[in-house]
Amino acid sequence: QVQLVESGGGLVQPGGSLRLSCAASGIIFSVYDMGWYRQAPGKQREWVAGITSSRATRYADSVKGRFTISRDNAKNTVYLQMNSLKPEDTAVYSCKADNRYSSYWGQGTQVTVSS
């Protein structure tokens with residue numbers, strides 16, 4: 001019923017770019033805060049970027065200046081534009097929808113940065 005589906009992951013060379021999408025259904029998308037997280041093998045899941053229902057944005061220090069989060073409420077979709085990618089960005093990227101009462105996770109999409 002509630003679904004978050006990520007897409008856009010893949011293999012890219014260092015310095016390259018990738019755009020991730022997360023399409024939501026089963027929620028009133030416009031009232032949810034949205035976020036992107038990532039998890040590399042052997043590491044904890046970490047928060048990457050967030051955008052509130054009022055479109056305020058925040059970024060982890062490790063991606064600030066390189067990544068941009070945005071949302072299109074008409075399409076029920078949140079995006080993560082990733083530029084100047086580094087090997088250490090390699091991870092499974094997942095999106096999350098939050099309000100004061102509930103949260104939902106997508107299944108994730110693999111991003112691999114390698115030459």
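Here are a few questions and answers about the largest pocket and the strands around it in this predicted model. Local features need pLDDT of at least 70 and side-chain atom pairs count only at pLDDT 80 or more, while totals for chains, interfaces and linings use all residues. Residues are numbered from 1 along each chain as its sequence is written, and side-chain values use heavy atoms, with hydrogens and water left out.

Q: What makes a space a pocket, and how much space lies in the largest pocket?
A: On a 1 Å grid over the protein atoms alone, a pocket is an open set of points with protein on both sides within 12 Å along at least five of seven lines. The largest pocket holds about 150 Å³, a volume being the space filled by probe spheres (1.4 Å probe) set on the points.

Q: What makes a residue part of the lining, and which lie nearest the centre of the largest pocket?
A: A lining residue has an atom within 4 Å of a point. The largest pocket has 13 of them, and D33, M34, W47, G50 and I51 lie nearest its centre.

Q: Why is β4 called a strand, and how many residues does β4 give to the lining?
A: Strands are DSSP runs of E with at least two residues, numbered from the N terminus; β4 covers 33–39, so it qualifies. Its share of the lining, 4 residues, is the largest.

Q: Why are β4 and β5 said to pair?
A: Pairing needs at least two bridges found by DSSP. β4 and β5 have 5, in the antiparallel sense, so they pair. One of the bridges joins R38 to E46 in β5.

Q: What makes β5 and β6 a pair?
A: Their 3 bridges meet the same requirement, so these antiparallel strands pair too. Here A49 stands opposite Y59 in β6.
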